[in-house]
Amino acid sequence: MRKIKTIFLLLCGLSLFFAGCEDNRKEYLDDYQTLVYFRNGGDQMLKLYRVGENTVYEIPVCKGGLDRKATGVVTVSAMEQSQLDMYNLENETRYRQLPDTCFRFLGETELAFASDEENKVIRVEILTDDVSTVQESDSENEYVLALQVRADRTISPDINLLILHLDIDIPKLSLGTTGLQSFSYTSESPNENPYENSVVLGLDNLWDFTCGLGVRDQDWLDAYNAANGTDYVLLPAENYTLPDSVVFTAGNNRTEFEVVINRKSMDLLREFVVPVYIASCTKPQFVIEEESSTMLLNVRLDPDKIPLTAAMASSPYTHSGDGLGLEGLFDEEVSATSYWHSYYGGGPVGDPVYGYYIDLTLAEPLSAVVFKYATRANPNAVPSEICVGVSNDGQTWTEIGRVSSDLPTEALAWATLPAFSHNTSFKYVRFGIVCSAGSAGGLLTDPAGTSACAALSELELYGANLVTE
């Protein structure tokens with residue numbers, strides 16, 4: 001059985017029921033010895049919510065006039081559409097009577113007033129869901145519940161009608177914080193990062209119910225990326241925690257929850273998202289607002305800049321008479337005079353995997369790295385293919401990344417390589433130039449040697465240790 005909620009007629013509280021029916025009806029006292037009428041007749045606007053529950057309205061019918069000791073019998077009924085049409089014609093309105101399937105009288109509609117009684121109550125149950133269905137299916141007409149008083153006593157023509165306009169709203173649920181929310185971390189950030197949000201009901205809450213929470217799927221994210229020109233990636237489930245649901249109790253229209261992001265093992269510089277949304281509600285009549293039901297929590301792990309010096313670097317391919325040597329890579333100067341140049345040929349043969357490489361010895365181990373470099377002022381012999389390797393002894397190397405496209409060929413231009421990571425931490429990093437471009441460029445891994453060369457103006461390293469040993 002559906003729960004029935006009792007709400008008094010607007011502007012007519014309990015105090016009016018028992019304080020008698022004195023009001024502006026005094027103007028009729030000279031004309032009518034005894035009056036019977038709706039306490040608040042005429043047009044009334046009633047605010048209702050579609051929550052799967054009917055609403056009972058208690059409407060006072062009053063007896064007044066000079067002869068208040070008179071008895072009388074009153075009948076309250078719904079107007080026929082033909083009667084309402086006459087009212088419409090006289091008042092230039094276009095009301096339609098609600099179907100009788102949308103309301104019902106509770107108890108007797110015939111009221112007998114004793115000599116000492118001045119008010120009675122008629123109870124009408126409004127079937128809110130059915131009214132809403134009628135309104136939605138025929139929005140061109142304004143449906144009302146028009147009631148009238150008939151009595152064996154005089155009734156003023158201006159106060160024997162009650163026309164109830166039913167303004168039905170659908171309760172809506174939304175998130176307190178919605179849309180894109182972006183955050184970034186470094187190695188100094190806490191491993192676990194909490195973010196608070198809430199589910200909000202847009203009206204005073206009278207119910208106990210539960211809302212389910214979830215994370216949007218890949219299809220949803222693909223559509224979002226396509227519509228917004230983004231390239232977000234779903235954060236792996238092991239990197240966040242989210243409660244399955246939140247619970248509302250009567251009297252509270254907001255419930256808090258928390259999303260916790262664990263940055264450990266996150267890939268560097270990837271634009272991850274957790275699209276949290278309201279997935280369900282145990283009150284099926286409540287509407288989850290589509291546009292304000294999702295929070296796109298965007299998180300990114302930024303690498304730390306690793307301070308580099310020439311003392312940390314080594315390369316058997318450095319030209320001693322062209323450029324500043326390895327020192328030129330770490331002087332924070334991008335210019336025509338500050339650069340590193342490899343030899344032009346005749347020296348050691350390039351490594352078959354890494355070509356002409358520069359090795360870096362790390363002060364602290366890393367598990368993920370990002371290289372940035374600047375080309376020299378003469379763009380000849382700029383890198384066109386780069387291979388990155390890692391080692392823990394400086395002798396045995398493991399390739400973790402390679403780039404062979406979209407590298408800059410112009411002078412004094414910066415390039416940022418993708419983030420490359422390993423499943424264990426490492427103490428050495430190798431920046432290998434496999435091939436260079438331009439008239440002095442070429443493949444640098446040929447076992448027979450080459451006259452090609454490579455050059456850079458600056459080299460920077462960013463990284464993080466995401467591995468728990």
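In this predicted model, five strands form an open sheet, and their order is 17-19-14-12-21. The pairing within this sheet is mixed. Strand 17 (240-241) and strand 21 (287-288) stand at the edges, and each has a single partner strand, so one side of each is left without a neighbour in the sheet.

One of the pairings in this sheet can be followed residue by residue. Strand 12, which covers residues 172-175, runs parallel to strand 21, and two bridges join them. Within this pair, Leu173 of strand 12 stands opposite Ile288 of strand 21.

**Strand 10 and its partners**

Strand 10 comprises residues 142-151. Seven of its ten residues are buried, so strand 10 is largely enclosed by the rest of the structure. Three pairings of this strand are set out below.

| Partner of strand 10 | Direction | Bridges | Opposed residues |
|---|---|---|---|
| Strand 5 (residues 72-78) | antiparallel | five | Val74 and Ala151 |
| Strand 6 (residues 95-97) | parallel | three | Gln97 and Val144 |
| Strand 11 (residues 161-169) | antiparallel | five | Leu145 and Leu164 |

Strand 5 is thus joined to strand 10 in the antiparallel sense over five bridges, with Val74 standing opposite Ala151. Strand 6 runs parallel to strand 10 and is joined to it by three bridges; Gln97 has Val144 as its bridge partner there. Strand 11 again pairs with strand 10 in the antiparallel sense, over five bridges, and Leu145 stands opposite Leu164 in strand 11.

**The surroundings of Arg50**

Arg50 is found in the loop that lies between strand 3 (42-49) and strand 4 (54-64). Although placed in a loop, Arg50 has a relative accessible area of 18% and is therefore buried, the cut-off for that class being under 20%.

The side chain of Arg50 takes part in two polar contacts with other side chains. A polar contact of 3.0 Å links it to the side chain of Ser132, and another, of 3.2 Å, links it to the side chain of Glu136.

Ser132 and Glu136 also appear among the residues in contact with Arg50 when its neighbours within four places in sequence are left aside. That set further includes Thr128 and Asp129, together with Ile168, Asp169, Ile170 and Pro171, and also Gln285. Of these residues, Ile168 and Asp169 fall within strand 11 (residues 161-169), the strand that pairs with strand 10 in the antiparallel sense.

Conventions:
Residues numbered from 1 in each chain as written. Predicted model: local features only at pLDDT ≥ 70, side-chain atom pairs only at ≥ 80, totals over all residues. Heavy atoms only, no water. Helix = DSSP H or I, 4+ residues; strand = E, 2+ residues; numbered from the N terminus. Buried < 20%, exposed > 50% of the residue type's maximum accessible area, 1.4 Å probe, protein only. Polar contact = N/O pair within 3.5 Å; in protein donor to acceptor, adjacent residues only side chain to side chain. Contact = heavy atoms within 4.5 Å. Pairing = 2+ DSSP bridges.
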